[in-house]
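The exercises below ask the reader to work through one model step by step, with each task followed by its solution. Please keep the sequence and the structure in view while reading.

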Amino acid sequence: VTCRDWFQLTLKEGLTVFRDQQFSGQVNDSVAVQRIKNVLVVRGSQFREDAGPMSHPIRPDSYIAMDNFYTATVYRKGAEIIRMYDTILTSEGFRKGMDLYFKRHDGSAVTCDDFLAAMADANGVDLNQFSRWYSTSG
């Protein structure tokens with residue numbers, strides 16, 4: 001699975017950061033301590049970015065230069081959006097969504113909307129309001 005275009009970068013990087021955070025918590029024998037560390041990073045860098053003139057959604061509509069995509073918002077906030085799926089759907093539901101996502105899109109170029117649809121369909125829930133997280137700054 002790969003991203004259809006650069007505007008979907010938060011999907012790939014958000015998943016990567018989320019999995020790294022989960023793994024680090026398990027390896028260090030303290031998921032709670034790792035979560036506190038992750039929140040401190042988000043509060044220290046991403047909140048500042050969202051409150052300033054460089055605020056942008058995790059899936060921007062346009063860009064001036066590609067390096068504008070490599071931000072705390074795309075990576076860290078993207079991971080927080082992935083974490084919300086995991087929290088709302090439970091780890092079991094999140095896993096079902098991931099399995100369906102890979103079944104549908106193995107070998108394909110995907111969008112954030114494809115991921116959202118797989119999560120919703122695998123769990124029989126309406127996640128349409130989730131799409132706002134991808135397009136809203138702040």
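## Exercise 1: helix α4 and its surroundings

In α4, the residues C112, F115, L116, A118, M119, A120, A122 and N123 are buried, where buried means under 20% relative accessible area, exposed means over 50%, and partly exposed lies in between (1.4 Å probe, protein chains only). The model is a predicted one, in which local features need pLDDT of at least 70 and side-chain atom pairs count only at pLDDT 80 or more, while totals for chains, interfaces and linings use all residues. Residues are numbered from 1 along each chain as its sequence is written, and side-chain values use heavy atoms, with hydrogens and water left out.

Task: describe the span of α4, what covers its buried residues, and what comes just after the helix.

Solution. Begin with the assignment: helices (H or I, at least four residues) and strands (E, at least two) are DSSP runs, numbered from the N terminus. Next, take the span: α4 has 12 residues and reaches 17 Å from its first C-alpha to its last, close to the 16 Å expected at 1.5 Å a residue, the expected span being 1.5 Å times one less than the number of residues. Then turn to the cover of the buried residues of α4, which includes α1, α3 and α5. Finally, G124, just after α4, takes a positive phi of about 60°.

## Exercise 2: two residues in loops

Task: for T111 and V125, state which loop holds each residue, and decide whether each is buried, partly exposed or exposed.

Solution. T111 is placed in the loop between β2 and α4, and it is buried because its relative accessible area is 8%. Apart from neighbours within four places in sequence, T111 is in contact with R4, Q8 and L11, contact meaning heavy atoms within 4.5 Å. V125 is found in the loop between α4 (112–123) and α5 (131–135), and it counts as partly exposed because its relative accessible area is 36%. V125 touches L89 and A120, when residues up to four places away in sequence are not counted. The C-alpha atoms of V125 and L89, which are 36 residues apart along the chain, are separated by 9.0 Å.

## Exercise 3: helix α1 and T10

Task: which residues of α1 are buried, and what does T10 contact?

Solution. α1 has 19 residues, and its reach of 27 Å from first C-alpha to last is close to the 27 Å expected at 1.5 Å a residue. Its buried residues are L9, T10, L11, E13, G14, L15, V17, F18, Q21, Q22, S24 and G25, and what covers them includes β1 (2–3), α2, α3, β2 (109–110), α4 and α5. T10, which lies in α1, counts as buried because its relative accessibility is 2%. Leaving aside neighbours within four places in sequence, T10 is in contact with L15, I58, V74, G78, C112 and Y134. After the helix comes D29, whose phi is positive, near 60°.

## Exercise 4: helix α2

Task: where does α2 bend, and which helices do its buried residues pack against?

Solution. Helix α2 (residues 31–51) has 21 residues and reaches 28 Å from its first C-alpha to its last, close to the 30 Å expected at 1.5 Å a residue. The bend is about 35° at R43, taken as the angle between axes fitted to the seven residues ending there and the seven starting there. Q34, N38, V42, Q46, E49 and D50 are the buried residues of α2, and they pack against α1 (9–27) and α3 (72–105).

## Exercise 5: two residues of helix α3

Task: what is the sign of phi at T90, and is G93 buried or exposed?

Solution. Most residues other than glycine have a negative phi. T90, although not a glycine, has a positive phi of about 70°; T90 lies in helix α3 and counts as partly exposed because its relative accessibility is 44%. G93 is also found in helix α3, and it is buried because its relative accessible area is 4%. The C-alpha atoms of G93 and S55, 38 residues apart along the chain, are separated by 32 Å.
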